[in-house]
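User: I've got a structure open and would like to talk through how it's put together. Can you take my questions one at a time?

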Amino acid sequence: MIVYFSATGNSKYAAERIAAAINDRAISIEDDCYDIVLGDGECLGIVMPTHFWALPVPMKDYLQKMKLHRQGRHYIFTVSTYGTTAGCSGEEARHLLRDNNIRLSAAFQIKMPDNWTVAFDLSDKKKVEEQNRKAEKNIDRVIAMILDRKKGNFTHLRTPYMVYPITSKLFDKVRVTKNLTVEDSCIGCGLCAQKCPVRAIEIQNGKPVWVKERCALCFRCLHHCPKFAIQFGNGATKKHGQYTNPNVKI
Ligand SMILES: Cc1cc2nc3c(=O)[nH]c(=O)nc-3n(C[C@H](O)[C@H](O)[C@H](O)COP(=O)(O)O)c2cc1C
Ligand code: SF4
Ligand code: SF4
């Protein structure tokens, strides 16, 4: 089984490609799949984006709560999709799984368009198409390693796990919802509230209101808004465009 978290579709697409290649199914962790049953020789794949050089908040919570019911030998791997570096996400997953009595066999990474549009410009559709074409090869490469049941950490340009407490604190500072704003072009459709994985948005008087101090900062709302009315921070996100993976729907 492949379990995934995905805000803009990259990780969902990678999870579905991997599942098809190993004759298995891909399930979103938002579908409450906390009990995983693995028979002898079966695989568990865990696929997610990299957020601030580490795991996304929903995946971190999931790995702490998940219960694995297993028999015999099994192969458990993570795949971090990323734009510049997967940081220490593989290592973080290894630690969380170990605390949950689960041994990680391998950690992989797949480079895909970087949806952190605070820093990365995804407004040129041709360039984004090219990045997605290259991603196909990266997915194929990871699938080949999974089929060979390779063991080890195959993420590169890693940040040492030692720095995780620092980057994690930084992420906690950045993911305060007051950094997310809504423009007048909002039509009050409610999609952002429906799609938020941590229910941080409510529609009040026809406009989104962030009802939690912090959210997962996954950018799903920003990239899915039909009016591109949600922005983050100083306005760079407006210039850098919206992105969703063209091959899947979230
Ligand atoms: C808040 C946030 C932080 C991110 N941090 C990183 C990062 O540290 N390193 C990186 O390479 N990509 C980073 N990204 C980019 C995503 O990991 C990448 O685009 C991923 O493929 C998105 O997957 P998804 O479409 O499944 O959500 C970040 C994206 C967001 C929204
Ligand atoms: S998705 Fe966009 S248009 Fe719809 S309510 Fe949210 S901000 Fe407004
Ligand atoms: S408010 Fe937006 S960025 Fe924050 S977790 Fe919800 S969908 Fe993601």
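User: Let's start small: in which strand is Gln204 found?
Analyst: Sure, and keep in mind that this is a predicted model. Look along residues 201-204 and you'll find Gln204 there. That run is strand E10.

User: Is Gln204 buried or exposed?
Analyst: Count the C-beta atoms inside 10 Å of Gln204 and you get 11 neighbours. The cut-off for exposed is 12 or fewer. With that count, Gln204 is therefore classed as exposed.

User: What distance separates the C-alpha atoms of Gln204 and Gly188?
Analyst: Along the chain, Gln204 and Gly188 are 16 residues apart. In space, their C-alpha atoms are separated by 8.9 Å.

User: Zooming out, how far apart are the centres of domain 1 and domain 2?
Analyst: The protein chain splits into domain 1 (2-165) and domain 2 (176-240). The two do touch, with 14 residues of domain 1 in contact with 14 residues of domain 2. On the domain 1 side, that contact has seven nonpolar, five polar and two charged residues. Taken over C-alpha atoms, the centres are separated by 25 Å.

User: What is the strand order in the open sheet of six strands?
Analyst: The pairing in this sheet is parallel. Start from the edges: strand E2 (26-28) and strand E8 (152-153) each pair on one side only. Reading across, the order is E2-E1-E4-E6-E7-E8.

User: Which residue of E7 is the bridge partner of Ser80?
Analyst: E6 and E7 run parallel and are joined by six bridges. E7 is also joined to E8, in parallel, by two bridges, and there Ala107 has Asn153 as its partner. For Ser80, the partner in E7 is Gln109.

User: Why is E7 described as largely enclosed, and how many of its residues are buried?
Analyst: In a regular strand, side chains alternate between the two faces of the sheet. Here Ala106, Phe108 and Ile110 point one way from E7, while Ala107, Gln109 and Lys111 point the other way, and all are buried. E7 is largely enclosed by the rest of the structure because the number of its residues that are buried is six of the six.

User: Which residues touch the most other members of the largest nonpolar core?
Analyst: That core holds 40 residues. Elements giving two or more residues to this core include helix H1 (10-21), strand E6 (75-82), strand E7 (106-111) and helix H4 (125-147). A second, separate core has 19 residues, among them Trp210 and Ala229. Back in the largest core, the residues touching the most other members are Tyr4, Ala14, Val47, Val79, Ala93 and Ile110.

User: Beyond its neighbours within four places in sequence, which residues is Ala93 in contact with?
Analyst: Ala93 is one of those best-connected core members, and helix H3 (89-99) is among the elements that contribute to the core. With the sequence neighbours left aside, its contacts are Ile46, Leu55, Leu63, Thr78, Leu104 and Ala107.

User: Now the ligands: which residues come nearest to ligand 1?
Analyst: Both domain 1 and domain 2 give at least three residues to the shell around ligand 1. By class, that shell has 11 nonpolar, 14 polar and one charged residues. Of the 26 residues around ligand 1, the nearest are Ser6, Asn10, Ser11, Pro49 and Tyr82.

User: And which residues are closest to ligand 2?
Analyst: Ligand 2 is surrounded by 14 residues. They divide into 11 nonpolar, two polar and one charged. The closest are Cys186, Cys189, Leu191, Cys192 and Cys225.

Note on methods: Residues are numbered from 1 along each chain as its sequence is written. Chains are lettered from A and ligands numbered from 1 in the order in which they are written. This is a predicted model: local features need pLDDT of at least 70, side-chain atom pairs count only at pLDDT 80 or more; totals for chains, interfaces and linings use all residues. A nonpolar core is a set of buried Ala, Val, Leu, Ile, Met, Phe, Trp, Tyr and Cys residues joined through C-beta atoms within 7 Å. A residue is buried if 20 or more other C-beta atoms lie within 10 Å of its own, exposed if 12 or fewer, and partly exposed in between; C-beta atoms are placed from the backbone. Helices (H or I, at least four residues) and strands (E, at least two) are DSSP runs, numbered from the N terminus. Two residues are in contact if their C-beta atoms, placed from the backbone, lie within 7 Å. A residue is near a molecule or strand if its C-beta atom, placed from the backbone, lies within 6 Å of it. Ala, Val, Leu, Ile, Met, Phe, Trp, Tyr, Cys and Pro count as nonpolar, Asp, Glu, Lys and Arg as charged, and the others, Gly among them, as polar. Domain bounds come from an automatic or database domain assignment. Two strands pair if DSSP finds at least two bridges between them.
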